[in-house]
Amino acid sequence: MLLERVLILSALAIGIGLTIVAYRWFVQHVTKRQAAIDWHSRLTLTSDIPALLYLWTRTCRTCHTVQKPAVDKVAAQHPSSLSVVSVNATDHPEITRDLHLVTVPATVVLDARGHIRHINRGLADFATLRRQVADVTAI
């Protein structure tokens, strides 16, 4: 009985450990792939200022009623130091695929070099976006 419990706990610990290793590998792999993409050229952005990429769909109520006002409010606070790009995720599935996004709304904060600094999968409130944008505009 005790030996069975030890074996079960050992198998569980090994399973959890392997899951963590696999997750870390996946995140590292995705990060390297995303870093290799020249987002400034792809999105035709001004290359010397940070950008806020906002992904939405026509049928997403939260996108239009909650996320867009938060994005607009952040954009108003940084009229000349932030480029805001609004992308219909349905019309540009290649962008959602490359960012590994499966839901909208989604926001991505790029630094002035076009490197991804923050990805928000799902709703990001104004305070979160303000903090993330301040992180890249302060550089």
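A residue counts as buried when its relative accessible area is under 20%. Keep that cut-off in mind as you explore this predicted model.

**Stop 1: the disulfide**

Select Cys60 and Cys63 and show their side chains. These two residues form a disulfide, with their sulfur atoms 2.2 Å apart. The structure holds one disulfide, so there is no second one to hunt for. A disulfide is a covalent bond between the sulfur atoms of two cysteines.

Now look along the S-S bond. The torsion about the bond between Cys60 and Cys63 is about 85 degrees, so this disulfide is right-handed.

Is Cys63 buried or exposed? Its relative accessibility is 0%, so Cys63 counts as buried. Cys60 has 10% relative accessibility and therefore counts as buried too.

**Stop 2: the largest nonpolar core**

Keep Cys63 selected and add Leu52, Tyr54, Val71, Val74, Leu82 and Leu129. These are the residues with the most contacts inside the largest nonpolar core, which has 15 residues. Strand S1 (51-56), helix H3 (61-77) and helix H5 (126-137) are the elements that each give two or more residues to this core.

Next, center the view on Val71. Which residues does Val71 touch, leaving aside those up to four places away in sequence? They are Leu52, Tyr54, Val84, Thr107 and Leu129.

There is also a second, separate core of 13 residues. To find it, select Ala89, Leu101, Ala106 and Leu110, which are among its members.

**Stop 3: strand S3**

Two of those residues, Ala106 and Leu110, lead us to strand S3, so select residues 106-110. Five of the five residues in S3 are buried, so the strand is largely enclosed by the rest of the structure.

In a regular strand the side chains alternate between the two faces of the sheet. Turn S3 to view each side: Ala106, Val108 and Leu110 are on one, Thr107 and Val109 on the other, and all are buried.

**Stop 4: the partners of S3**

Show S1 beside S3. The two strands pair in the antiparallel sense over five bridges. Tyr54, which you met in the largest core, stands opposite Thr107 in S3.

Now add strand S4, residues 116-121. S3 and S4 run antiparallel and are joined by five bridges. Which residue of S4 is the bridge partner of Val109? That partner is His118.

Finish at the hairpin of S3 and S4, which has five residues between the strands. Select Gly114 there: this glycine takes a positive phi near 85 degrees.

Terms used: Residues are numbered from 1 along each chain as its sequence is written. This is a predicted model: local features need pLDDT of at least 70, side-chain atom pairs count only at pLDDT 80 or more; totals for chains, interfaces and linings use all residues. Side-chain values use heavy atoms; hydrogens and water are left out. A disulfide is a pair of cysteine sulfur atoms within 2.5 Å. Buried means under 20% relative accessible area, exposed over 50%, partly exposed in between (1.4 Å probe, protein chains only). A nonpolar core is a set of buried Ala, Val, Leu, Ile, Met, Phe, Trp, Tyr and Cys residues joined through side-chain atoms within 4.5 Å. Helices (H or I, at least four residues) and strands (E, at least two) are DSSP runs, numbered from the N terminus. Contact means heavy atoms within 4.5 Å. Two strands pair if DSSP finds at least two bridges between them.
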